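Q: I've got a model open and I'd like to learn how to read its packing. Where do we begin?

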Amino acid sequence: MDGKKLEYKGEEALKEIERLTAKAGRVQLDILKEILTRNSKTEYLSKYMKGSKDVSDFKQRVPVITYKAIQPYIKRITNGEDSSLITGHPITEILCSSGTSGREPKMMPSIAEDLDRRTFLYNLIMPIMNQYVPGLDEGKAMLLYFVKAETSTPCGLPARTVLTSYYKSRHFKCRSPDPFNNCTSPDQTILCNDSNQSMYCQLLSGIVHRHQVLRLGAVFASAFLRALSFLERNWINFCNDIRSGQLDPLITDPECRSSMAPLISVPNPSLADEINEICSLPSWKGILCQLWPKAKYIEAVVTGSMAQYIPALEYYSDGKLPLVCTMYASSECYFGVNLKPLSDPADVSFTLLPNMGYFEFIPLGENGTRLMNIDDDEEVRNDKLVDLVQLSLGCYYELVVTTFAGLYRHRVGDVLQVTGFHNKAPQFRFICRRNVVLSIDTDKTNEEDLHKSVSVAKKLLEPFDALLVEYTSHADTSRLPGHYVMYWEIIYRGSMVDSTAPLDDKVMQECCIAVEEELDYIYRRCRAYDKSVGPLEIRVVEPGSFDALMDYFISQGGSINQYKTPRCIKSNKALKLLDSNVKACFFSPRDPKWIP
Ligand code: AMP
């Protein structure tokens, strides 16, 4: 990679950001040339480039693709064929992303040096923060990180999430001590596969160190809030452990037990009393500042679909702790960092780091009107793409990435808006992930998957002569964990009027679970394993509710000719309208099946 050094720290890291962004165009071109040179003999590139390593040939001949086009190659590699199908380097692991293709999780190739690239980006975060918040090296960070279950491919490659890969790597486990990253969680508690035990120990450790903690966080806002809800349920046990100097026997993981032993082996009744007093307060508004009085900010992704959690974070911090969103990354590539970390979540921009991969952009116009209409499978002509140095301020783009690990002109699926430039490197606001309608945690459900699930579930109504005529959905995060709500309008065949007879509760519950069983792997993992998503709910609405919904949207300026029932609703007024027509609510009676 450009600048082989991983460990840029302090001033050096900031200088490296300046150096890279000052010659962003040059760095990009060099990256592309290097990818084309290193990977020229791969089956994939040879097919289009016919041996050429020329940048202009690349731009003319290599197609812009979605995951579907590369999936067969990745499948062949996971079944044991050589990495040289797509990359000049051995693929060392497969990273499972939160997207799906044909109901399977997307699998991104990864090579050994990708871990260096990710580490490089992680190492920039604290030098950036240090410019705005002094003294972060004088205490600890309570950052709650979790590993997810991993599998292996038929040929034996590990298949796991990008974060799990990082926490299990020596880049993380053997990192050198850094006063800016002195974390409360012992590594063993992060690496524990049992998410409850991991959460228990990490929170307990954060509480034990409460007077030293300077920053709080998790990767995603949803995970941090899940931790707070865990704390609400478990603080009495924490008090007991601290008072007695003994870890709850329910923590059985030997590594967790041994790593926690030094932290709580001496009974500390006064700390237990402090926690007891704070957690017994009638309201938990501002609880974070009480429990961690020296905390200066909360660190978590609060952009994109995570923005829905900002009000809850502000409640628990009483608006006193800035919400800091440090970076923008994905399984296929890490993209950039937030150079103004204290900016309001609504104004967060990420500066693209030009040495992470080769980036191109599909222009979507100035006002984003095309955003709603772009389709996953819509073919994008090669000559439509623009380079990083050709971007215009205020315009919207879809990100396309080419990596050393074997993705070529791969559409990431994210829509970004250019908000400025740092030197020559563009800065972006994250607008949305294309096609995602519902998201609570790391799940990202698109309209197609939602529709397929509903299509399967609604068949359960047929034996009762009932018919699903319309549906929509909403991600309800008013309580934790959040859950998917579906609004269903059901009629009895042939009789719209006589549809008051309620369906048997059991049938509707079966519909709930049928939808969930059909949703993708990540959704089912969030439900069954992470418990970060609650049981799906179906709210049956009165006949005519969806006509009223249409009338509402048209009254708001929608076109009657082009009206399509939105498959997901965010507008509070529209939700209120539907909720006022609800006849009955049903929840999934059990967790959907999920096998790692
Ligand atoms: P995955 O494919 O599961 O690795 O998830 C990567 C996706 O998460 C990205 O393509 C974005 O859609 C989303 N994402 C990552 N970082 C951020 C961020 N800081 N703000 C908003 N969305 C993000």
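A: Let's start with how axes are drawn: an axis is a line fitted to C-alpha atoms, for helices over the stretch in contact, and angles between N-to-C directions run from 0 to 180 degrees. Keep in mind that this is a predicted model.

Q: Okay, so which numbers describe a helix pair, and what are they for helix α11 and helix α15?

A: Two packed helices are described by the angle between their axes and the distance between the axes. Here, α11 (residues 221–244) and α15 (residues 310–317) cross at roughly 45 degrees, and their axes come within 10 Å. The two helices are therefore oblique to each other.

Q: Is the crossing of α11 and α15 left-handed or right-handed, and which residues meet there?

A: That crossing is left-handed. On the α11 side you'll find Ala221, Phe224, Leu225, Leu228 and Glu232, and they meet Ala312, Leu313 and Tyr316 of α15. By type, the residues of this contact come out as 7 nonpolar, no polar and 1 charged.

Q: What does the pair α19 and α20 look like?

A: Same recipe. Helix α19 (residues 545–555) packs against helix α20 (residues 572–579) at an angle of about 155 degrees, and the axes lie 10 Å apart. Angles over 145 count as roughly antiparallel, so that is how α19 sits relative to α20. As for handedness, α19 passes α20 in a right-handed crossing.

Q: Which residues make the contact between α19 and α20?

A: From α19 it's Ser545, Ala548, Leu549, Tyr552 and Phe553, while α20 brings Lys573, Ala574, Leu577 and Leu578. The split for this contact is 7 nonpolar, 1 polar and 1 charged.

Q: On to sheets. What is the strand order in the open sheet of 8 strands?

A: For a sheet, read off the order and the sense of pairing, then look for the edges. In this one the order is β9-β10-β11-β16-β15-β14-β12-β13, and the pairing is antiparallel. The edge strands are β9 (327–329) and β13 (386–387), each of which pairs on one side only. Looking inside, β12 (residues 358–363) and β14 (residues 396–402) pair in the antiparallel sense over 6 bridges. To find the register, pick a residue and see what faces it: Pro363 stands opposite Tyr397 in β14.

Q: Which helix packs on that sheet?

A: Helix α6 (residues 112–132) does, touching β9 and β10 (334–337), and its direction makes about 10 degrees with that of β10.

Q: And what about the open sheet of 4 strands: which strands are at its edges, and why do they count as edges?

A: The order there is β2-β1-β5-β4, with mixed pairing. β2 (104–111) and β4 (151–152) each have a single partner strand, so one side of each is left without a neighbour in the sheet. Within the sheet, β1 (residues 91–101) and β5 (residues 158–160) run parallel, joined by 2 bridges, and Ile94 stands opposite Ala159 in β5. Helix α6 packs on this sheet too, touching β1 and β2, with its direction at about 90 degrees to that of β2.

Q: Last one: is strand β6 mostly covered or mostly open?

A: Mostly covered: 6 of the 8 residues in β6 (residues 213–220) are buried. β6 pairs in the parallel sense with β3 (residues 140–144) over 5 bridges, with Ala141 opposite Arg215 in β6. β6 also runs parallel to β7 (residues 297–301), joined by 4 bridges, and there Gly217 stands opposite Glu299 in β7.

Technical notes: Residues numbered from 1 in each chain as written. Predicted model: local features only at pLDDT ≥ 70, side-chain atom pairs only at ≥ 80, totals over all residues. Heavy atoms only, no water. Parallel < 35°, antiparallel > 145°, perpendicular 65-115°, else oblique. Left-handed = near helix turned anticlockwise from the far one by under 90°. Contact = heavy atoms within 4.5 Å. Nonpolar A, V, L, I, M, F, W, Y, C, P; charged D, E, K, R; others polar. Pairing = 2+ DSSP bridges. Buried < 20%, exposed > 50% of the residue type's maximum accessible area, 1.4 Å probe, protein only.
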